[in-house]
Amino acid sequence: PWRCAGGCGPQEGPRPNNTVVVEHQFDLESTCGEITLGAHQDVLDRPYLYVAAKDGGFRVYRLDDPPIRISTLPTSQLGNLHAMNIFQDGNRLYLALGNTFGTAVQDTGMAILDVTNPEAINILSVWTDPAHGGTGMVVARGNLAFLGAMGNGVITFDVSTPALPVELSRFVPDITFPDA
């Protein structure tokens, strides 16, 4: 991860020539297969970093100096799907599941995790759809989650009961609009 070093936010004012200075903070171990595809610091301002590590699953780091990996949820606990992206809404963390790369395209999936205690993550649910295509992203607000399911479109869920997400709708945009 990287940290902006001054002049990056509106409270600091612009830097000359609109430049941004970024400082390296630390490295996370990974292999090509376990590449970090999504990394987000805890939105509740706790000292944790959440990582979607493709076929390395989901990882939690405590931001000590240096950061320490404190837990991993392997793909075997995530419907055997790769962790592709992350979104946190309060104490719920959403994982977009399912590889989209090359010939390894997987089913579409989403996991909902409870991060009330980041050192003891609880899996609330893992939803999967046998439609191949994987996922690229997930976002959530309140009782709704939206899964970017690649060729399967955008899937909307009611997540008011996170143990049982309910698919509400799917929208597959016309990829030829307005031109072929």
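Select Arg170 and Glu167 to begin: the two side chains form a salt bridge, with the closest N and O atoms 2.7 Å apart. A salt bridge here is a side-chain nitrogen of Lys or Arg within 4 Å of a carboxyl oxygen of Asp or Glu. The model is predicted: local features need pLDDT of at least 70, side-chain atom pairs count only at pLDDT 80 or more, and totals for chains, interfaces and linings use all residues. Residues are numbered from 1 along each chain as its sequence is written, and side-chain values use heavy atoms, with hydrogens and water left out.

**Around Arg170**

Arg170 belongs to strand S14. Strands (E, at least two residues) and helices (H or I, at least four) are DSSP runs, numbered from the N terminus. At a relative accessible area of 35%, Arg170 is partly exposed, and Glu167, at 34%, also counts as partly exposed. The classes are buried under 20% relative accessible area, exposed over 50%, and partly exposed in between (1.4 Å probe, protein chains only).

Next, display the surroundings of Arg170. Apart from residues up to four places away in sequence, Arg170 touches Trp127, Asp129, Asn152, Val154 and Ile155; contact means heavy atoms within 4.5 Å. For a backbone reference, select Thr156: its C-alpha atom lies 6.4 Å from that of Arg170, with the two positions 14 residues apart along the chain.

**The nonpolar patch**

Now select Leu144, Phe146, Val154, Val166, Leu168 and Phe171, which make a nonpolar surface patch of about 500 Å². Patches are built from residues with over 30% relative accessible area and no salt bridge; like charges are joined within 9 Å, and nonpolar side chains (Val, Leu, Ile, Met, Phe, Trp, Tyr) within 5 Å. Accessible areas come from the Shrake-Rupley method with a 1.4 Å probe, and for residues only the protein chains shown count as cover.

Which strands each supply at least two residues of the patch? They are strand S12 (144-148) and strand S14 (166-171). S14 gives the most, with 3 residues. Leu144 lies in strand S12 and is partly exposed, with a relative accessible area of 34%.

**Aromatic pairs**

Move on to Trp127, one of the residues that Arg170 touches, and add Phe157. Rings of Phe, Tyr and Trp (its six-membered ring) pair if their centres lie within 6.5 Å; planes under 30 degrees apart count as stacked, over 60 as edge-to-face and the rest as tilted. The count comes to 2 aromatic pairs. In the pair Tyr50 and Phe58, the ring centres are 6.1 Å apart and the planes meet at 20°, so the pair is stacked. Both Tyr50 and Phe58 are buried. For Trp127 and Phe157, the centres are 4.8 Å apart and the planes stand at 75°, so this pair is edge-to-face. Trp127 in strand S10 (residues 122-132) and Phe157 in strand S13 (residues 154-158) are 30 residues apart, and the pair thereby links distant parts of the chain. Trp127 is buried at 14% relative accessibility, and Phe157 is buried at 0%.

**Arg46 and its loop**

Select Arg46, in the loop between strand S3 (38-41) and strand S4 (48-52). Is Arg46 buried or exposed? At 17% relative accessibility, Arg46 counts as buried. Asp42 is buried as well, and the side chains of Asp42 and Arg46 meet in a salt bridge (2.8 Å, N to O). Show also the backbone oxygen of Val115, which lies 2.9 Å from a polar atom of the Arg46 side chain. Beyond its neighbours within four places in sequence, Arg46 is in contact with residues including Gln41, Gln88 and Asn91.

**Arg62 and Glu119**

The next selection is Arg62 with Glu119, whose side chains form a salt bridge (2.9 Å, N to O). This pair links distant parts of the chain: Arg62 is in strand S5 (residues 58-62) and Glu119 in the loop between strand S9 (107-114) and S10, 57 residues apart. Arg62 is partly exposed at 23% relative accessibility, and Glu119 is partly exposed at 38%.

**The whole chain**

Finally, zoom out to the full model. The chain has 0 helices and 14 strands. Buried residues make up 39% of its 180 residues. Among contacts with a separation of 6 or more, 40% are between residues 24 or more positions apart. The accessible surface comes to about 9600 Å², of which 55% belongs to carbon and sulfur atoms. A search of the whole structure finds 5 salt bridges.

Conventions:
A polar contact is a pair of N or O atoms within 3.5 Å; within protein, one must be able to donate a hydrogen and the other to accept it, and residues adjacent in sequence count only if both atoms are side-chain atoms.
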